[in-house]
Amino acid sequence: MKSPSPPLLLSLSLSFSLLLVLLLSPAAVVGKGNPVLGGYDIMSYWKTDDNNTVGTMGTSEFSTTYDGYEWYFTNEFNHDYFLLEPADLVPSYGGYCAYAAAKGELVCVQPGSWYLVNQRLFFFSGPDTGLKWLKEVKEYIQDGDEWWSKTYPKGGPLNNGTFCPDRKVINLADN
């Protein structure tokens, strides 16, 4: 049996590498094709005082579309409650990292790194980032709000699954 030629192997290797980059890149899941927060039930964050809770994964059985994005819930009660005032329950900065938003970036988050402050839900790229943000919370919220409203005057994108083990900047212009 004849071995593949070096150019063919290089071509296959590059194609496989490109496929992996596209599949594993946080930016690859930005868009309206996936549920917000990767399917985590947004209500599970509002119904606890424990900031160490990761949240609960919802299902398509209890889902709705709001603002062009699909939202998953764990049960009918959470689904119906969300529909009463969805604009008040959407996470700040679309569910992207609040610390990074204050610095003018969209950064993926960890679903277990979040805080409720003044009736607003904020997510972070990791627990250390959230703790750093809390030290100057008023300033960071002011900076994040200012950047978000200038960058997305008609409302920005919602995070529909850009979770990351490491801090990664998301470039929406690539989509």
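In what order do the elements of the protein chain run from the N terminus on? In this predicted model, the order is α-β-α-β-β-β-α-α-α-β-β-α-α, with seven helices and six strands in the chain. Of its 175 residues, 42% count as buried. The chain exposes about 10,000 Å², and 55% of that area is supplied by carbon and sulfur atoms. Among contacts with a separation of 6 or more, 62% come from residues 24 or more positions apart.

A good place to look next is the pair of helices α6 and α7. Helix α6 spans residues 127–135 and helix α7 residues 137–151; their axes lie 5 Å apart, and the packing angle is about 100°. Because angles of 65 to 115 degrees count as roughly perpendicular, α6 is described as roughly perpendicular to α7. On the α6 side, the contact is made by K132, W133, L134 and K135, while α7 contributes V137, Y140 and I141. By class, the contact residues comprise five nonpolar and two charged, with no polar ones.

Aromatic rings offer a further view of the model, with a count of 15 aromatic pairs. In one of these, the ring centres of Y99 and Y140 are 5.2 Å apart and the planes meet at 65°, so the pair is edge-to-face. Y99 belongs to helix α5 (residues 98–102) and Y140 to helix α7, so this pair ties together parts 41 residues apart in sequence. Both Y99 and Y140 are buried. Y140 also takes part in the contact of α7 with α6. W133, another residue of that contact, belongs to an aromatic cluster together with Y93, Y115, F122, F124, W147, W148 and Y152.

Technical notes
Residues are numbered from 1 along each chain as its sequence is written. This is a predicted model: local features need pLDDT of at least 70, side-chain atom pairs count only at pLDDT 80 or more; totals for chains, interfaces and linings use all residues. Side-chain values use heavy atoms; hydrogens and water are left out. Axes are lines fitted to C-alpha atoms, for helices over the stretch in contact, and angles run from 0 to 180 degrees between N-to-C directions. Helices (H or I, at least four residues) and strands (E, at least two) are DSSP runs, numbered from the N terminus. Angles under 35 degrees count as roughly parallel, over 145 as roughly antiparallel, 65 to 115 as roughly perpendicular and the rest as oblique. Contact means heavy atoms within 4.5 Å. Ala, Val, Leu, Ile, Met, Phe, Trp, Tyr, Cys and Pro count as nonpolar, Asp, Glu, Lys and Arg as charged, and the others, Gly among them, as polar. Buried means under 20% relative accessible area, exposed over 50%, partly exposed in between (1.4 Å probe, protein chains only). Accessible areas come from the Shrake-Rupley method with a 1.4 Å probe; for residues, only the protein chains shown count as cover. Rings of Phe, Tyr and Trp (its six-membered ring) pair if their centres lie within 6.5 Å; planes under 30 degrees apart count as stacked, over 60 as edge-to-face and the rest as tilted.
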